[in-house]
Amino acid sequence: MEMYINHIDQVGTQERVARLFSRSIKKESKIHALKTVLSMIDLTTLEGKDSPGKVKQLCYKAAHLHDQFPDLPTVAAICVYPTMVPIAKKVLEKTDINIAAVATAFPSGMTSLDYKLDEVKMVVDAGADEVDMVISRGKFLRGEYEYVADEIAQVKDVCGTVHLKVILETGELVTLDNVRFASDIAMVAGADFIKTSTGKVSPAATPPVVLVMLEAIRDYYKKTGKMIGMKPAGGISKAKLAIQYLVMVRETLGQDWLTSDLFRFGASSLANDVLMQILKQTTGVYQSGNYFSID
Amino acid sequence: MTSTTKTLDFKTDWEYSPAPESTEHIHIEKKNNLFINGEFIPPVKGTYFETINPANEEKLADVAKAEQADVDKAVKAARSAYDKVWSKMKPAERGKYIYRIARLIQERAREFAVIESMDSGKPIRESRDIDIPLVSAHFFYYAGWADKLEYAFPGKQAKPIGVAGQIIPWNFPLLMAAWKLAPALATGNTVVLKPAETTPLTALKLAEIIQEADLPPGVVNIINGAGKTGQALVEHPDIDKIAFTGSTEVGKLIMKAMAGTRKKYTLELGGKAANIIFEDAAIDQAVEGIINGIFFNQGHVCCAGSRLFVQESVAETVISKLKDRMETLVVGDPLDKNTDIGAINSKMQLDKIKMYVDIGKNEGGTIHQSSCKLPKKGYWYAPTLFEDVSQSHRIVQEEIFGPVLAIQTFRTVDEVITKANNTPYGLSGGVWTDKGAKIFKVSKAIRAGVLWANTFNKFDPASPFGGYKESGMGREGGLEGLMPYVNLV
């Protein structure tokens with residue numbers, strides 16, 4: 001595998017994050033950002049207790065974020081466990097909203113490759129538009145980088161044209177050097193998107209990790225011309241933080257990545273905070289949480 | 001690494017809306033007098049000069065111009081305060097006054113930041129987050145030393161020198177005032193301070209704070225004017241010490257004037273720092289360090305990393321990333337919170353920058369500038385870099401004091417050390433590498449007062465700052481910063 005070691009300095013990364021996050025986004029630019037954030041959300045439910053009813057509600061919410069307010073975008077996708085794909089498919093059939101399914105023994109990935117490939121095949125056959133796989137962190141930490149890359153490549157083979165998001169679970173990789181290297185491996189091996197976290201490990205997406213991954217995407221694009229997408233996931237529940245991430249994308253990758261085709265937020269409760277902010281910008285007051293559906 | 005053909009598009013449909021810092025709470029006196037003996041008094045000859053906002057060329061205020069007679073008055077007030085009050089005061093009491101000044105600056109930090117940005121053109125992000133916090137930190141730091149001088153110099157007594165004449169530059173107006181005033185006051189000296197003529201306003205606000213802090217009259221006197229006022233101060237027979245920050249050219253004149261006198265002096269002068277990027281550096285953070293090194297405060301920084309050395313194997317990557325990063329720098333209204341690069345401090349400085357860029361082009365350098373739009377009114381210059389230059393080019397040798405970077409490549413550690421030291425200056429430098437041993441080797445070999453490793457332009461009151469060679473003599477900051485203001489007996 002052709003790979004170049006890219007060193008990451010943690011202190012410098014944190015400083016860059018602080019500077020990006022100090023951008024002051026107000027007025028029209030805030031409205032624009034908030035609507036863009038909405039359109040980039042992968043509305044997520046990944047609980048063992050998820051029921052068909054809950055997934056149906058989530059799908060309806062995805063398509064009708066807040067009908068009282070005109071001209072709102074829908075979210076980009078809903079993200080569910082494999083067994084929920086057919087249920088979501090039924091509700092979302094006539095919409096542009098994608099269905100993303102987690103697979104490969106999410107969230108730990110602790111099973112054999114055959115089982116993982118079967119699972120991927122199952123969700124692809126069920127009609128998922130996107131697959132969110134996890135990498136084998138144990139193998140990565142043991143230095144078995146070829147194994148990690150092979151696994152991703154084989155999953156991508158099964159996916160075919162279905163979009164593959166590769167979850168690095170950065171909370172378990174710990175260092176930014178690891179995050180960068182895992183990003184590079186995932187892109188070379190065939191990821192369409194790289195994604196920070198499952199949401200099941202703390203910390204999930206952190207600003208320095210997201211910046212390092214965006215920089216990896218930028219370098220890969222400049223080297224190969226391939227545009228890889230990015231998805232921070234977990235712990236992003238406030239509009240302010242989401243806008244700060246957009247600033248990061250804008251100033252690292254530029255205009256071409258400011259679209260749901262190449263940037264997503266994996267989040268369950270972010271949408272309502274964004275909606276609340278959009279309504280505040282137009283009405284001047286914050287409305288009670290009771291006005292926003294919690295599906 | 002491989003060549004890079006793909007470009008990133010930073011012209012987006014998501015423009016940041018203006019986010020200007022409010023100026024409503026700011027009060028600037030229309031006519032500002034001299035601050036002598038604790039009072040604001042008109043100049044003897046009654047002449048005033050204008051200070052303008054370099055971002056829009058609008059007049060901010062009239063400022064009294066100090067002539068010889070005014071300098072005499074100020075020095076006399078300082079002498080009297082020294083003899084009768086300040087040198088006799090218990091050190092802990094002196095410390096209390098300095099702590100009070102530090103606290104009052106903190107309380108009015110936003111006001112100081114806004115005025116600093118209006119008068120100097122620097123972005124509010126810097127005046128608010130860097131300049132003003134460092135100002136109060138400096139006063140706090142030296143306030144602490146006031147009653148601990150016997151620990152600073154064990155076995156010796158640290159006696160004050162007398163009256164210090166302090167001349168400060170326009171690039172960090174209030175911060176340089178703090179660097180000068182705090183150690184002088186802590187050690188028991190009195191002061192006549194002359195700010196730069198293009199940026200007199202924050203020092204005058206500081207005079208208000210000094211009144212409010214109830215500092216005994218005459219301990220700090222602040223007079224304004226241009227070179228002639230400074231000269232009168234330097235040549236005044238009753239001054240015991242001169243502290244100057246500014247150009248090497250003026251520094252040399254001061255040294256000549258000092259020769260044969262009993263006056264002590266410290267000089268903090270120009271620089272042409274080498275910022276060295278090795279192939280094993282964390283490249284993205286190094287690029288950020290290059291940006292911070294040369295574009296901080298529009299490049300009006302004596303320790304700016306204006307000579308960039310990049311190891312050949314990563315040069316293409318680094319320069320490509322650098323150009324991308326330059327596109328995202330926001331140039332414009334200094335009071336806008338999103339502004340990265342503000343206005344050039346004065347017309348004179350802008351002309352100087354333009355002159356050097358012309359020289360660079362005529363010498364055959366390859367110029368690249370960020371595509372940002374510059375405001376019509378005011379003094380502006382786009383972030384600029386030059387490739388294809390060498391140690392023989394004037395833009396590599398001479399201090400431009402603007403947002404202009406000269407880039408050279410190198411192959412070996414020894415080569416870059418030789419080139420880095422091949423300059424009459426020696427104020428600062430930067431080393432970027434993931435290898436600790438290389439940091440030690442290079443930073444020991446480079447003759448400069450400050451060496452930053454994997455960072456750039458970091459300041460702390462506890463850390464001494466000053467130059468080798470033509471970058472000056474004496475240190476400011478830290479325990480070393482006390483030395484120029486004491487006689488050890």
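The radius of gyration is taken here over C-alpha atoms, and the globule rule against which it is compared is 2.2 Å times the number of residues to the power 0.38. The exercises below concern a predicted model.

**Exercise 1. Compare the radius of gyration of chain B with that of a compact globule, and describe the chain as a whole.**

Step 1. For 489 residues the rule gives a radius of gyration near 23 Å for a compact globule, and since chain B has 23 Å, the two agree.

Step 2. The extent of the chain can be set beside this value: the C-alpha trace of chain B spans about 70 × 50 × 35 Å along its principal axes.

Step 3. Turning to the interior, 56% of the 489 residues in chain B are buried, and among the contacts of chain B with a separation of 6 or more, 74% are between residues 24 or more positions apart.

Step 4. The secondary structure of chain B consists of 15 helices and 20 strands.

**Exercise 2. Describe how the two assigned domains of chain B are placed and what the side of domain 1 that touches domain 2 is made of.**

Step 1. The domain assignment gives domain 1 of chain B as 31-269 + 468-488, and domain 2 of chain B as 274-453.

Step 2. The centres of the two domains of chain B, taken over C-alpha atoms, are separated by 30 Å.

Step 3. In the contact between them, 21 residues of domain 1 of chain B meet 26 residues of domain 2 of chain B; on the domain 1 side, the elements that give two or more residues are α3 (109-120) and α4 (124-145) of chain B.

Step 4. By class, the residues on that side of domain 1 divide into seven nonpolar, seven polar and seven charged.

**Exercise 3. Characterise the side of chain A that touches chain B.**

Step 1. The contact draws 31 residues from chain A and 29 residues from chain B.

Step 2. On the chain A side, at least two residues each come from α1 (10-21), α2 (27-39), α10 (207-224) and α11 (239-252).

Step 3. Sorted by class, this side of chain A holds seven nonpolar, eleven polar and 13 charged residues.

**Exercise 4. Determine how α2(A) and α11(A) are oriented to each other, and which residues make their contact.**

Step 1. The axes of the two helices, α2(A) and α11(A), come within 10 Å and cross at roughly 95°.

Step 2. Angles of 65 to 115 degrees count as roughly perpendicular, and α2(A) and α11(A) are therefore roughly perpendicular to each other.

Step 3. From α2(A) the contact takes A33(A), L34(A), T36(A) and V37(A), and from α11(A) it takes A239(A), A242(A), I243(A) and L246(A).

Step 4. Of the residues in this contact between α2(A) and α11(A), seven are nonpolar, one is polar and none is charged.

**Exercise 5. Locate the cis peptide bonds at P107(A) and P203(A), and the positive phi values at D71(A) and E57(B).**

Step 1. The bond from F106(A) to P107(A) is cis, with omega near 0°, and P107(A) lies in the loop between β3 (98-102) and α5 (113-125) of chain A.

Step 2. S202(A) and P203(A) are likewise joined by a cis peptide bond, with omega about 0°; P203(A) belongs to the loop between β6 (193-195) and α10 of chain A.

Step 3. D71(A), although not a glycine, has a positive phi of about 60°, and this residue sits in the loop between α3 (52-63) and β2 (77-80) of chain A.

Step 4. E57(B), also a residue other than glycine, has a positive phi near 60° and is found in the loop between β4 (48-53) and β5 (58-64) of chain B.

Step 5. A residue is exposed if 12 or fewer other C-beta atoms lie within 10 Å of its own; D71(A), with 5 such atoms, is therefore exposed, and E57(B), with 12, is exposed as well.

Notes. Residues numbered from 1 in each chain as written. Chains lettered and ligands numbered in written order. Predicted model: local features only at pLDDT ≥ 70, side-chain atom pairs only at ≥ 80, totals over all residues. Contact = placed C-beta atoms within 7 Å. Helix = DSSP H or I, 4+ residues; strand = E, 2+ residues; numbered from the N terminus. Nonpolar A, V, L, I, M, F, W, Y, C, P; charged D, E, K, R; others polar. Axes fitted to C-alpha atoms, helices over the stretch in contact; angles between N-to-C directions. Parallel < 35°, antiparallel > 145°, perpendicular 65-115°, else oblique. Buried ≥ 20, exposed ≤ 12 C-beta atoms within 10 Å, placed from the backbone. Domains from an automatic or database assignment.
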